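Here are some notes on the model, set out as numbered points. They start with a definition and then go through the fold, the core and the charged side chains.

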Amino acid sequence: MTLLTSAETAALLGIKPNTLEIWRGKGKGPDFVKLGTAKQCPVRYEPTEVTRYLREQSFASTSAYSPAANSTVKLQTCGSV
């Protein structure tokens, strides 16, 4: 199984690696794998999870992600938080 580093994942998403760190703390972004329980243990991303996350961010029109289109969708700023 191939796992992506935070830097590789950030590059795929077009964001900074520390944005992924912020997202992890807030429960945003693609699901990740923590390789151990210690704070210094690395974090990795499965390519399929990154793809799934991107698909969830895809819309056919701008009205598809508006609050009126789906009241359960919480709009957030893009990139860094």
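1. Buried means a relative accessible area under 20%, exposed means over 50%, and partly exposed lies in between. Ser6 has a relative accessible area of 17%, so this residue counts as buried. The model is a predicted one.

2. Ser6 is part of helix 1. What does Ser6 touch, not counting residues up to four places away in sequence? With that exclusion, the contacts of Ser6 are Leu20, Arg24, Val43 and Tyr45. Of these, Leu20, Val43 and Tyr45 are listed in the largest nonpolar core.

3. The overall fold can be stated briefly. The chain has three helices and two strands, and from the N terminus on these elements run α-α-β-β-α. The chain has 81 residues, of which 19% count as buried. Among contacts in the chain with a separation of 6 or more, 41% are between residues 24 or more positions apart. The accessible surface comes to about 5800 Å², and carbon and sulfur atoms account for 55% of that area.

4. Which residues make up the largest nonpolar core? This core has 10 residues in all: Leu4, Ala10, Leu13, Ile15, Leu20, Trp23, Val43, Tyr45, Val50 and Tyr53. At least two of them come from each of helix 1 (6-13), helix 2 and helix 3. In soluble globular proteins, nonpolar side chains tend to be buried together.

5. Leu4 belongs to this core. Leaving out residues up to four places away in sequence, Leu4 touches Thr9, Leu12, Val43, Arg44, Tyr45, Pro47 and Val50. Among these contacts, Val43, Tyr45 and Val50 are also members of the core.

6. Turning to charged side chains: how many salt bridges does a search of the whole structure find? The search finds three. Side chains of opposite charge can pair when their charged atoms come close. Here Asp31, Glu49, Arg52 and Glu56 are linked in a network of salt bridges.

7. One of these salt bridges joins the side chains of Arg52 and Asp31, at 3.5 Å from N to O. Arg52 lies in helix 3 (residues 47-56), while Asp31 is in the loop between helix 2 (17-26) and strand 1 (33-34), so the pair ties together parts that are 21 residues apart in sequence. Why do both residues count as partly exposed? Partly exposed covers the range between 20% and 50%, and Arg52 has a relative accessible area of 26%, whereas Asp31 is at 45%.

8. Arg52 also pairs within its own helix. In the salt bridge with Glu49, the closest N and O atoms are 2.7 Å apart; both residues lie in helix 3, three residues apart, which is about one turn of the helix. Arg52 meets the side chain of Glu56 in a salt bridge as well, at 2.6 Å from N to O. Glu56 and Arg52 are four residues apart in helix 3, again about one turn of the helix. Glu56 is partly exposed, with a relative accessible area of 45%.

How values were computed:
Residues numbered from 1 in each chain as written. Predicted model: local features only at pLDDT ≥ 70, side-chain atom pairs only at ≥ 80, totals over all residues. Heavy atoms only, no water. Salt bridge = Lys/Arg side-chain N within 4 Å of Asp/Glu carboxyl O. Buried < 20%, exposed > 50% of the residue type's maximum accessible area, 1.4 Å probe, protein only. Core = buried A, V, L, I, M, F, W, Y, C linked by side-chain atoms within 4.5 Å. Contact = heavy atoms within 4.5 Å. Areas by Shrake-Rupley, 256 points an atom, 1.4 Å probe, with all protein chains shown as cover.
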